[in-house]
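Student: Hey, got a minute? I've got a structure open and I'd like to go through it bit by bit.
Tutor: Sure, put it up and ask away.

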Amino acid sequence: MFSTLIEFGGYGHQAIEAAKYIGQGFTVTSDHLNRSPITVQYPYEKNVSSERFRGRIHFEFDKCIACEVCVRVCPINLPVVDWILMKDIRKKRLRSYSIDFGVCIFCGNCVEYCPTNCLSMTEEYELSSYDRHELNQDQTALGRLPISISQDFSIQVISTQLTF
Ligand code: SF4
Ligand code: SF4
């Protein structure tokens with residue numbers, strides 16, 4: 001008789017413990033119900049990148065003095081700066097400029113050290129391509145202004161910021 005009572009007491013204790021854990025589980029679930037979903041329905045929804053996001057590099061041809069500082073500070077000497085020396089005025093004239101985004105690691109060194117600020121990092125991150133050679137962008141492609149996602153009314157902008 002006494003052992004049966006102890007057994008029932010043990011069952012009761014286990015039932016209370018189980019109810020406690022179920023209650024804790026429901027608390028966590030209800031806590032998540034109050035939060036906004038993290039999943040973004042890309043490409044119909046997009047996150048807003050942070051101000052310091054390092055996306056595609058923008059280049060201003062007219063400002064470049066062909067000093068090649070960007071090449072020297074690049075960890076992989078990536079920017080290709082083609083120039084000719086104009087002997088009469090003893091100045092370099094830029095002929096073409098290109099960066100291969102298939103190789104670039106978006107470290108931002110070239111932007112940081114360019115003496116004329118002709119390079120800047122944009123919020124553009126959609127660079128995928130079927131042909132890797134298309135990622136090698138010349139001055140015309142690099143000079144294209146980025147499309148801000150906040151101006152694209154076909155998609156919904158999510159305020160959670162990308163902070164890479
Ligand atoms: S550092 Fe700036 S100015 Fe100098 S070559 Fe590079 S992009 Fe042109
Ligand atoms: S972002 Fe970095 S890796 Fe890319 S070109 Fe500039 S310095 Fe080189």
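Student: Where is Glu 68?
Tutor: Glu 68 is in the loop between S2 and H2. Keep in mind that this is a predicted model.

Student: OK. What is phi of Glu 68 near?
Tutor: Phi of Glu 68 is near 70 degrees. That's a positive value in a residue other than glycine.

Student: And where is Cys 64 found?
Tutor: Cys 64 is also in a loop, and here are the numbers for its two ends: strand S2 covers 57-59 and helix H2 covers 69-73.

Student: Which residues are closest to ligand 1?
Tutor: The closest are Cys 64, Cys 67, Glu 68, Cys 70 and Cys 114. Altogether 14 residues surround ligand 1.

Student: What classes are in the shell around ligand 1?
Tutor: The shell has 12 nonpolar residues, plus 1 polar and 1 charged. Cysteine counts as nonpolar in this scheme.

Student: Which cavity is the space taken by ligand 1?
Tutor: The space that ligand 1 takes up is the second largest cavity.

Student: Which residues does UniProt give as "binding site" along with Cys 64?
Tutor: The unreviewed UniProt entry puts that feature at Cys 64, Cys 67, Cys 70 and Cys 114. They're spread over 51 residues of sequence, yet they cluster in space, with a largest C-alpha distance of 10.5 Å. Of these residues, Cys 70 is included in the lining of the largest cavity.

Student: The largest cavity? Which ligand sits there?
Tutor: Ligand 2 sits in the largest cavity.

Student: So what surrounds ligand 2?
Tutor: The residues around ligand 2 include Ile 57, Pro 75, Leu 78, Ile 105 and Phe 106. Cys 74, Cys 104, Cys 107 and Cys 110 are among them too, and so are Gly 108 and Asn 109.

Student: How many charged residues are in that shell around ligand 2?
Tutor: There are no charged residues in it. By class, the shell has 9 nonpolar and 2 polar residues.

Student: Back to UniProt. Which residues does the "binding site" annotation that includes Cys 74 cover?
Tutor: That one, again from an unreviewed entry, covers Cys 74, Cys 104, Cys 107 and Cys 110. This set is spread over 37 residues of sequence but clusters in space, and the largest C-alpha distance is 10.7 Å. From this set, Cys 74, Cys 104, Cys 107 and Cys 110 are taken in by the lining of the largest cavity.

Student: Where in the chain is Cys 74?
Tutor: Cys 74 is in the loop between H2 and S3.

Student: New topic, the sheet with S3 in it. What is the strand order?
Tutor: The order is S3-S4-S6, in an open sheet of 3 strands with antiparallel pairing. Strand S3 (80-86) and strand S6 (136-138) are the edge strands, each pairing on one side only. Neighbouring strands are turned by 20 degrees against each other on average, direction ignored.

Student: How many bridges join S3 to S4?
Tutor: 7 bridges join them, and the two run antiparallel. Asp 82 stands opposite Ser 96 in S4. The two strands also form a hairpin with 4 residues between them. In that turn, Arg 90 has a positive phi of about 50 degrees.

Student: And S4 with S6, over how many bridges do they pair?
Tutor: S4, residues 91-100, pairs with S6 over 3 bridges, in the antiparallel sense. Ser 98 stands opposite Asp 138 in S6, and Asp 100 stands opposite Asn 136 in S6.

Student: Last one. Is the peptide bond from Tyr 42 to Pro 43 cis or trans?
Tutor: The bond is cis, with omega near 10 degrees. Pro 43 lies in the loop between helix H1 (2-33) and strand S1 (45-49).

How values were computed
Residues are numbered from 1 along each chain as its sequence is written. Chains are lettered from A and ligands numbered from 1 in the order in which they are written. This is a predicted model: local features need pLDDT of at least 70, side-chain atom pairs count only at pLDDT 80 or more; totals for chains, interfaces and linings use all residues. Side-chain values use heavy atoms; hydrogens and water are left out. A residue is near a molecule or strand if one of its heavy atoms lies within 4 Å of it. On a 1 Å grid over the protein atoms alone, a cavity is a set of points where a 1.4 Å probe fits but cannot get out, and a pocket is an open set with protein on both sides within 12 Å along at least five of seven lines; lining residues have an atom within 4 Å of a point. A molecule sits in a cavity or pocket if more than half of its atoms lie within 2 Å of its grid points. Two strands pair if DSSP finds at least two bridges between them. Axes are lines fitted to C-alpha atoms, for helices over the stretch in contact, and angles run from 0 to 180 degrees between N-to-C directions. UniProt positions are given in the numbering used here, feature names are shortened, and annotations may be inferred rather than shown by experiment.
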